[in-house]
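Grab your viewer and work through these exercises with the coordinates loaded. Try each task before reading its solution.

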Amino acid sequence: MNKTDENFFQKFTRSLTVENLQERVEWLVFLRWLAGIIVVVSVLAGKAFFNIQQVTIPLVLGVVILIYNAVFQMIRRYFLAHPDTDRSQRDIKRRIALINLQVFMDLIVLAALIYFTGGITNPFIFFFIFHMVISSILLSRRNAYFWAFFTIAMELLLFYLELFHHIPHQPFLPGYPTAMSENGNHVMFILIAFSVTLLITVYFATSIMRPFRKRQLELNELQKRLKRKQNLLEQSNRELSEMDRSKTEFLYRVEHELKAPIAALQSLLSVVIRGYSSVGNEKKQELLGRAENRVTMMKELVVDLLSLSRIKERSFQLHVQTIQLDEIITEVV
């Protein structure tokens, strides 16, 4: 495996989401339920129809598959109920470790089944191919090759122990030829064919999966970008809502600021118009002065609004000058 492929699959692993791995764990658990049931039913059928006597250990192994699969099912549900939202990468690593542990258990139990149902002479030794395909689909290329070499080493050890009588040979079926278990050359050819088949299976399976993984990587990156854009849009929407609220408050305030001097001006003018002859000169001057002040306030308010509009349109010029802050405060007070 070259460096480019390694980097690609490392990047792919980092891009996995918890949801991706959750679906893979569920799929693996479902397949194991199916495999355990098939093993138990096959052993019982073999005893009933083919007069197989040594069924105790294979039957126990089938039950073991169902038991540890139930344990993995509980672990999967625990992860589902207690997601590590603060450390998603750590959660992903935990789920990848769980998948690798399941593959390890499956390979060990399958090797035991192969031994106790024929050993070297068992034609179902090539069932390991299914797990190589599963590993290539669920895990990275590095993991798939690791489990391929692990399986080859495990079967080499098993065949060596059986060939040199360190462990007894287990018959496959009544009447099935066992002489080939004593033939070293035959065993060597089986091992070579077995090893090459596993490695070729992993190579083709991972090569087929690569474009799908690449598309999934691109899809994950696209989803992340869309999520970022969605967050930006939500933030912009919140800002627009805040601006709209501020605008509404501003309009209410402007309405009040304009309405108050107009109402006062109307009241003052009404007094002047209706009772002008009965009002003294000083009172007239006071009323007209107050009316003038109201008009001045309205003018200043309109000027401020026009200045605000120019600031918004960036069509204004700044005139910097020195001011006396104490005079402004005194005037305001």
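**Exercise 1: overall fold**

Work out how the chain's contacts (heavy atoms within 4.5 Å) spread along the sequence. Solution: take contacts between residues at least 6 apart in sequence, and 78% of them join residues at least 24 apart. Next, run DSSP, taking helices as H or I runs of at least four residues and strands as E runs of at least two, numbered from the N terminus. That yields 9 helices and 0 strands.

Before going on: this is a predicted model, where local features need pLDDT of at least 70, side-chain atom pairs count only at pLDDT 80 or more, and totals for chains, interfaces and linings use all residues. Residues are numbered from 1 along each chain as its sequence is written, and side-chain values use heavy atoms, leaving out hydrogens and water.

**Exercise 2: confidence**

Find the elements with the lowest and highest mean pLDDT (the predictor's confidence in each residue, from 0 to 100). Solution: start with the chain, which averages 78, with 79% of residues scoring at least 70. Then go by element: α1 (residues 3-15) is lowest at 50, and α6 is highest at 89. Finally, residues 1-6 stay under 50. Where pLDDT is low, don't read the predicted coordinates in detail.

**Exercise 3: the core**

Which element gives the most to the largest nonpolar core (buried Ala, Val, Leu, Ile, Met, Phe, Trp, Tyr and Cys joined through side-chain atoms within 4.5 Å)? Solution: the core has 46 residues, and Phe128 is among those touching the most other members. Sorting by element, α4 comes out on top with 12 residues. Lastly, partners of Phe128 beyond four places in sequence include Leu107, Phe194 and Leu198.

Key:
Buried means under 20% relative accessible area, exposed over 50%, partly exposed in between (1.4 Å probe, protein chains only). Contact means heavy atoms within 4.5 Å.
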